[in-house]
Amino acid sequence: MSEFVRLLTLDEVGAGVERRIAANAEERAALAARFDLRALDRLEAALTAAPAPGGVRVTGRVEGDAVQACVTSGEDVPARIDEPVELLFLHDLGQGEEIELHEGDCDVLPIEGRSIDLGEVAAQTFGLALDPYPHADAEVLAAARRRLLSEEEAAEREAAEKAQANPFAALKRNS
């Protein structure tokens with residue numbers, strides 16, 4: 001089940017239809033979990049569905065604002081997405097048939113049932129546009145590195161914490 005459902009029935013497409021959709025707070029929280037985001041502050045799309053030979057063509061834009069975790073430091077990395085959409089939904093892709101796509105062709109998806117989920121179109125477009133390896137800027141990384149301990153410092157700190165946690169250490173210090 002999709003976290004962001006906005007169904008458009010094939011009967012509604014007619015000669016063409018425009019839809020503006022936006023994820024609410026609950027949907028954004030579920031999508032943030034799906035895409036492993038710290039936050040998803042905005043996800044919206046302006047999409048047009050129009051009849052195409054054998055199916056429906058969906059075009060438009062997906063926009064969103066999110067916060068990812070830096071893969072190096074774990075610090076927050078803001079992400080702004082503004083991505084074009086061009087998909088072709090076909091009624092019958094043919095079981096096992098290969099579809100040859102050329103460089104300029106859009107992605108082709110099957111029509112399942114009597115509707116297209118524009119919310120899932122927006123969610124998948126957003127997810128694919130996210131940086132898979134987000135990095136904080138140089139200043140943030142430098143500050144994070146200053147907080148890191150060397151191996152020797154980490155070993156010393158661990159030994160000190162173990163000594164404090166040992167109840168016999170206090171007796172040894174007092175004798």
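This passage walks through the fold of one predicted model, from its overall layout to a few individual residues.

Start with the broad strokes. The chain has 175 residues, and buried residues make up 32% of them. Six helices and seven strands are found along the chain, and reading along the sequence gives the pattern β-α-β-α-β-β-β-β-β-α-α-α-α. The accessible surface comes to about 11,600 Å², with carbon and sulfur atoms contributing 49% of that area. As for how the chain meets itself, take the contacts with a separation of 6 or more: 61% of these are between residues 24 or more positions apart.

Next comes the sheet. Five strands make up an open sheet, in the order β2-β3-β4-β5-β6 and with mixed pairing. At the edges sit β2 and β6 (107-110), each of which pairs on one side only. Neighbouring strands in this sheet are turned against each other by 25° on average, direction ignored. In general, the strands of a sheet pair through backbone hydrogen bonds, and they may do so in parallel or antiparallel fashion.

Going through the sheet pair by pair, β2 and β3 run antiparallel and are joined by six bridges. One handy marker for this pair is arginine 20, whose bridge partner in β3 is alanine 46. The β3 and β4 pair is also antiparallel, with 13 bridges, and here alanine 39 stands opposite valine 67 in β4. These two strands form a hairpin with two residues between them, and glycine 54 in the turn has a positive phi of about 85°. Then there is the pairing of β4 with β5, again antiparallel, where 15 bridges are found. In that pair, threonine 59 stands opposite glutamate 86 in β5. The hairpin of β4 and β5 has six residues between the strands, and within this hairpin glycine 74 takes a positive phi near 80°.

Two helices lie across the sheet strands. α2 lies across β2 and β3, and runs at about 95° to β3. α3 lies across β2, β3, β4 and β5, running at about 130° to β5.

What about the core? In soluble globular proteins, nonpolar side chains tend to be buried together. In this model, the largest nonpolar core has 32 residues, and the members touching the most other members are Leu40, Leu43, Leu47, Val56, Val58 and Phe126. At least two residues of this core come from each of α1 (10-13), β2 (17-22), α2 (25-34), β3 (39-52), β4 (55-69), β5 (76-90) and α3 (118-129). Leucine 40 is a good place to look at the surroundings of one such member. Apart from neighbours within four places in sequence, leucine 40 is in contact with Arg28, Leu31, Ala32, Asp65, Ala66 and Phe126.

Three other residues are worth clicking on. Leucine 10 is found in helix α1. With a relative accessible area of 12%, leucine 10 falls under the 20% cut-off and therefore counts as buried. Setting aside neighbours within four places in sequence, leucine 10 is in contact with Val56, His91, Ile111, Gly113, Arg114, Ser115 and Ile116. The last of these partners, isoleucine 116, is 106 residues away along the chain, yet the C-alpha atoms of leucine 10 and isoleucine 116 are separated by 7.3 Å.

Glycine 64 lies in strand β4. Its relative accessibility is 0%, so glycine 64 counts as buried. Not counting residues up to four places away in sequence, glycine 64 touches Arg42, Leu43, Ala79, Arg80, Ile81 and Phe126. Alanine 79 is 15 residues away from glycine 64 along the chain, and their C-alpha atoms are separated by 8.1 Å.

Threonine 125 lies in helix α3. At 14% relative accessibility, threonine 125 also counts as buried. Beyond residues up to four places away in sequence, threonine 125 touches Val62, Glu83, Pro84 and Val85.

Note on methods: Residues are numbered from 1 along each chain as its sequence is written. This is a predicted model: local features need pLDDT of at least 70, side-chain atom pairs count only at pLDDT 80 or more; totals for chains, interfaces and linings use all residues. Side-chain values use heavy atoms; hydrogens and water are left out. A nonpolar core is a set of buried Ala, Val, Leu, Ile, Met, Phe, Trp, Tyr and Cys residues joined through side-chain atoms within 4.5 Å. Buried means under 20% relative accessible area, exposed over 50%, partly exposed in between (1.4 Å probe, protein chains only). Helices (H or I, at least four residues) and strands (E, at least two) are DSSP runs, numbered from the N terminus. Contact means heavy atoms within 4.5 Å. Two strands pair if DSSP finds at least two bridges between them. Axes are lines fitted to C-alpha atoms, for helices over the stretch in contact, and angles run from 0 to 180 degrees between N-to-C directions. Accessible areas come from the Shrake-Rupley method with a 1.4 Å probe; for residues, only the protein chains shown count as cover.
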